[in-house]
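This report is for a reader who is meeting the structure for the first time. It goes through a helix, some strands, the aromatic rings and a pocket.

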Amino acid sequence: MAYLGVDLGGTNIKAALVTEEGKILREASVPTALPRSPETVCDDIVKLCTELASGEWVEAIGVGCPGSVDRGRVLYSNNLNWHDFDMAEYLQSRIGLPVYIGNDANVAALGEMWQGAGKGYQDVLMVTLRTGVGGGCVLDGKIVSGIHGAGGEIGHMPVKDDEPIACNCDNHGCLEQYVSATGIVTQAKKFLDMDDCSSSLRDYECLEAKHIYDEAKKGDVVANELVDSTCKILAKALAQVCSVIDPEIIVIGGGVSKAGDILTSRISTFFKEYAFHACKNTPIVLAKLENDAGMYGCVKSLF
């Protein structure tokens, strides 16, 4: 018995044929090639799935899609520029198999719970730190997507009241404006413009989040202050979420997580300061599956 998991990203569409035990039999990818209509992107998904399923009995297909997803309908995806598209119905009509559509960060959390850093746990909170900030909550082994498909949208928790710049969601002061890859760079540039202190960060013509974490590891004072500020804001947000859902483990993923222990150790330190006493020792670990988390999670969501 096999299932198809599809991770629909802004750059690539990745798909895998996976067994119920979590073994990947075959996988492939094609460019998403945006901007395109949802129908043409879905036609590529159909083609990819058909090729991967050749000669196999496939039970169902799971798709992770960026944006707000409600019962198979993509309400809005900033990454894809899709609005109110019934993706599940479109794919089912062309593939003839049951199709599940979930938010990409939610299914990534499910994937990490099943085969990654959260293996062995049933209650997992995952945060993905990339250009933006995604989140996924898995409780009792099931994704918490919410009535509007907005469950786990940790990146859009309001954390500051006086932020003049709007977030991508049009609100102000969202978590992702400070702790995402884009956010920490924005904060770094703002600090360097306001202060004439010496810092190796000034040596980079095109400053990236990786540079900030790398220079912090080397001892740069400004870089360390920025990392501390970022981790403190994120830790406080995580403490607030944990007061509501009380997970067994917190998993940090996304490109920024490649910074490694400097990230998890500092988040953990600040988390203990903010967390409710019963949650203070919740483990905070790095994700393991990287770009495969979404595909695993899509498959797990099917059974």
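Which residues of H9 are buried? The model shown here is predicted, and in it the buried residues of H9 are Ala 293, Gly 294, Met 295, Tyr 296, Gly 297, Cys 298 and Val 299. Helix H9 is thus mostly covered, with seven of its eight residues buried. These buried residues pack against several other elements: strands S1, S2, S3 and S4 (58-65), and helix H3.

**The strands at the start of the chain**

Strand S1 covers residues 2-8 and runs antiparallel to S2, with seven bridges between the two. The connection from S1 to S2 is a hairpin of three residues. Within this pairing, Val 6 has Ala 15 of S2 as its bridge partner.

Strand S2 spans residues 12-19, and six of its eight residues are buried, which leaves the strand mostly covered. S2 also pairs with strand S3 (residues 24-31), again in the antiparallel sense and over seven bridges. In that pairing Lys 14 is opposite Ser 29 of S3. A second hairpin, with four residues between the strands, links S2 and S3. Its turn contains Gly 22, whose phi is positive at about 95°.

**Another sheet**

What is the order of the strands in the open sheet of five? The order is S11-S10-S9-S12-S13, and the pairing is mixed. Strands S11 (142-143) and S13 (284-286) are at the edges; each has a single partner strand, so one side of each lacks a neighbour in the sheet. The partner of S13 in the order given is S12. Strand S12 (residues 249-253) runs parallel to S13, and three bridges join them. Ile 250 is opposite Ile 284 of S13.

In general, strands of a sheet pair through backbone hydrogen bonds, and the pairing is either parallel or antiparallel.

**Aromatic rings**

The whole structure holds five aromatic pairs. A pair of aromatic rings is described by the distance of the centres and the angle of the planes. The table gives two of the pairs.

| Pair | Centre to centre | Angle between planes | Type |
|---|---|---|---|
| Phe 85 and Tyr 90 | 5.8 Å | 50° | tilted |
| Trp 114 and Phe 303 | 5.7 Å | 80° | edge-to-face |

Why does the pair of Trp 114 and Phe 303 count as edge-to-face? The planes of the two rings are at 80°, and an angle over 60 degrees is what edge-to-face requires. This pair links distant parts of the chain: Trp 114 belongs to helix H3 (residues 104-115), Phe 303 lies in the segment after helix H9 (293-300), and the two are 189 residues apart. Trp 114 is buried because its relative accessibility is 11%, whereas Phe 303 has 34% and so counts as partly exposed. Trp 114 and Phe 303 also belong to one aromatic cluster together with Tyr 3 and Tyr 296.

In the tilted pair, Phe 85 has a relative accessibility of 9% and counts as buried. Tyr 90 is buried as well, with a relative accessible area of 14%. Tyr 90 also has a charged group over its ring: the charged end of Arg 94 sits there, 3.7 Å from the ring centre. Elsewhere, Lys 160 lies over the face of Tyr 178, at 4.8 Å from the ring centre.

**A pocket and helix H7**

Lys 160 appears again in the second largest pocket, where Lys 160, Gln 187, Phe 191, Leu 226 and Ser 229 lie nearest the centre. The volume of this pocket is about 260 Å³, and 13 residues line it.

Which helix gives the most to the lining of the second largest pocket? That helix is H7, which supplies six residues. Helix H5 (181-194) and H7 each supply at least two residues of the lining.

Helix H7 itself covers residues 221-245 and includes Asn 224. Is Asn 224 buried or exposed? Its relative accessibility is 17%; buried means under 20%, so Asn 224 counts as buried. Leaving aside residues up to four places away in sequence, Asn 224 touches Ala 216, Gly 219 and Arg 266.

Conventions: Residues numbered from 1 in each chain as written. Predicted model: local features only at pLDDT ≥ 70, side-chain atom pairs only at ≥ 80, totals over all residues. Heavy atoms only, no water. Buried < 20%, exposed > 50% of the residue type's maximum accessible area, 1.4 Å probe, protein only. Pairing = 2+ DSSP bridges. Contact = heavy atoms within 4.5 Å. Phe/Tyr/Trp six-rings, centres within 6.5 Å; stacked < 30°, edge-to-face > 60°. Lys NZ or Arg CZ within 6 Å of the ring centre and 35° of its normal. 1 Å grid on protein atoms, 1.4 Å probe; cavity = no way out; pocket = protein on both sides within 12 Å on 5 of 7 lines; lining within 4 Å. Points joined across faces, edges and corners; volume = space filled by probe spheres on them.
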